[in-house]
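Please walk me through this model, beginning with the nucleic acid and the protein surface around it, and then moving on to helix packing and to the backbone.

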Amino acid sequence: MDHPLHLYNTLSRKKETFVPIAAPHVGLYVCGPTVYGDPHLGHARPYITFDVLVRYLEHLGYKVRYVRNITDVGHLENDADAGDDKIAKKARLEQIEPMEVVQRYTVSFHEAMELLNNRPPSIEPRASGHIIEQLAMIEQLIANGFAYAVNGSVYFDVTAYAKDHDYGKLSGRVVEDLIAGAGNERRSLEGQDEKRNPADFALWKNAQPEHIMRWPSPWGDGFPGWHIECSAMSKKYLGETFDIHGGGMDLLFPHHESEIAQSQGSCGHHPVNYWVHNNMITINGQKMGKSLGNFITLSEMFSGNHPKLTQAFSPMTVRFFILQAQYRSTLDFGNEALQGVEKGLKRFLEGIKTLEKLKANADSSSFEVDGLIASYYEALNDDLNTPILIAQLYETVRLANLIAAGQADIDAASLEKLQKAASLMVYDILGLRDEQAAGGNQLDGVMALLLELRQKAKTNKDFATSDLIRDQLTALGIQVKDGKEGASWTVL
RNA sequence: GGUCGGAUGGCCGAGUGGCUAGGCAGAGCUCUGCAAAAGCUCCUACAGCGGUUCGAAUCCGCUUCCGACCUCCA
């Protein structure tokens, strides 16, 4: 291909040509959700972004193994309940089993992903199902001198690791600063005094008696630390070095930095070639997140049941909204923006349908079809620039409408090429689907009949009847559009 | 406090040295029995101040403002 795929690699801080380790195979690991709460708008962004990446890679002919974990062992709290396990806490709160919480939110996550038309990953490993692998990696780290056990907990020894490795190369941290402590604002975490050094991080945490989620280990009952699951599971399913690791920018430090240290420390080499990070969704310019409590869940988006929402927004509106920003830019949430996207999406999909139904009307095209199609690929190849792709597809829609109106020409061969390429981009790569496609053959037949009756009325100048039919249909949510080739309709 | 990033038209959001991003909103027109849809046209912005350059939204410097990470987070 003339323009190979380029991805921005956080590690090198520049766009790089994507070259897999063992083409045509591509290994992709994306940090999955912690299932102790409903999925929110922020979750939609990485999973849509990497869904598009997977779809595109497969279109390019790669065989992708897409691994995305489910974190169901919880992480340390930072508030008054410091040292608690988030999942255990929520379970006590609701008087149910931890695994029940995990199950409920895993299901709700899957439902949201399906609504957003994100395809499931190839493997979706659970942290709780890989305790053995995590323990093995921790023991290896101890054996290699990069970890130490204290009071039933095990910590990663950043100082020891940093002697021969660059801890901080991904996130741009300086080890000395981390060791010195990150300023006066740094809160004191439970277990901080057990660490040899403030920069050290937990690999295994000793479980307090009230701690429900616990597993036996060589150091006593406990639970895995913050970052070890991703290292252990990516190694298990993708190997010690794999192609792409994705996730939100907020995971850059300490999560991904520590993943590198754990993998490097235990296996002896760098785990990932391309680190790809999506930016945050903001609300009033501020990050939308659990800790700030300013997030909107996906089910609230879809139902409109949230004080910040003036109306419901469909899953495809949300998907289109997210795809209209490049994944490395922040994207600001707003009703006005969403409403604009909703209308734009409708016109967009209508236009694509118009293109699909188009018939060739000339022996040559009045515009350059190959260049237009090439522009789709150029956009995607440039670090998945979906907004540019969408702009080019809008241009395609404009041309299709012109052809339909007899104001532009296209030949048969060009038309077929364009139809194929545009549909591929819209449905297969961007992963949009027509939410209004409903009714089936029966409705089609009924509508054809109604429109025929209306046409008769119009021919007889019986506009009262023709308007009655149209207005009643409008009231039912079906829009009638009179065109040169007769009337057509869409479900609103 | 440290590190990094951003400031684009009413709103969202691309773009990195000259050439229209795109969408939504708004205005006009065409089409139409009237609408709707669609098309065409218009609205042409780049935080501020300096500098480099024939030419800067785009490069450099300074200023102001905003954000992210440094603590679980997509």
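The paragraphs below take up the RNA surface, three helix pairs and a few backbone features in turn.

This is a predicted model, in which local features need pLDDT of at least 70 and side-chain atom pairs count only at pLDDT 80 or more, whereas totals for chains, interfaces and linings use all residues. Residues are numbered from 1 along each chain as its sequence is written, chains are lettered from A and ligands numbered from 1 in the order in which they are written, and side-chain values use heavy atoms, with hydrogens and water left out.

Around RNA strand B there are 65 residues, of which Trp-226, Lys-287, Met-288, Lys-290 and Arg-398 come nearest; a residue is near a strand if one of its heavy atoms lies within 4 Å of it. By class, this surface has 21 nonpolar, 25 polar and 19 charged residues, where Ala, Val, Leu, Ile, Met, Phe, Trp, Tyr, Cys and Pro count as nonpolar, Asp, Glu, Lys and Arg as charged, and the others, Gly among them, as polar. The largest share of the surface, 7 residues, comes from helix α13, residues 386-404; helices (H or I, at least four residues) and strands (E, at least two) are DSSP runs, numbered from the N terminus.

Seen from the RNA side, 65% of the atoms of strand B within 4 Å of the protein belong to sugar or phosphate, and the rest belong to bases. Several polar contacts (pairs of N or O atoms within 3.5 Å) involve the protein backbone. A phosphate oxygen of RNA strand B is 2.7 Å from a polar backbone atom of Asp-332. Base nitrogens of the strand take part as well, one lying 2.8 Å from a polar backbone atom of Asp-482 and one lying 2.9 Å from a backbone N or O atom of Gly-42.

Helix α13 also packs within the protein. Two packed helices are described by the angle between their axes and the distance between the axes. The axes of α11 (residues 335-357) and α13 come within 8 Å and cross at roughly 55 degrees; axes are lines fitted to C-alpha atoms, for helices over the stretch in contact, and angles run from 0 to 180 degrees between N-to-C directions. The two helices are therefore oblique to each other, given that angles under 35 degrees count as roughly parallel, over 145 as roughly antiparallel, 65 to 115 as roughly perpendicular and the rest as oblique. In α11, the residues that meet α13 include Leu-345, Phe-348 and Ile-352, and their counterparts in α13 include Leu-393, Val-397 and Ala-400, with contact meaning heavy atoms within 4.5 Å. By class, this contact has 10 nonpolar, 5 polar and 1 charged residues.

A second pair consists of α1 (residues 41-59) and α14 (residues 412-429), whose axes come within 10 Å and cross at roughly 135 degrees, which makes α1 oblique to α14. Here Val-52, Arg-55, Tyr-56 and His-59 in α1 meet Leu-424, Tyr-427, Asp-428 and Ile-429 in α14, and the residues of the contact divide into 5 nonpolar, 1 polar and 2 charged.

In the third pair, the axes of α4 (residues 131-143) and α7 (residues 228-238) come within 9 Å and cross at roughly 105 degrees; α4 and α7 are therefore roughly perpendicular to each other. The contact includes Glu-133 and Met-137 of α4 and Ala-232 and Lys-235 of α7, and by class it has 5 nonpolar, 2 polar and 4 charged residues.

Some backbone features remain. A cis peptide bond with omega of about 5 degrees joins Ala-23 and Pro-24, and Pro-24 lies in the loop between β2 (14-17) and β3 (25-30). Another cis peptide bond, with omega of about 0 degrees, joins Phe-253 and Pro-254, and the place of Pro-254 is in helix α8, residues 252-267. Finally, Asn-151, in the loop between β5 (147-150) and β6 (153-156), has phi near 50 degrees, a positive value in a residue other than glycine.

How values were computed: A polar contact is a pair of N or O atoms within 3.5 Å; within protein, one must be able to donate a hydrogen and the other to accept it, and residues adjacent in sequence count only if both atoms are side-chain atoms.
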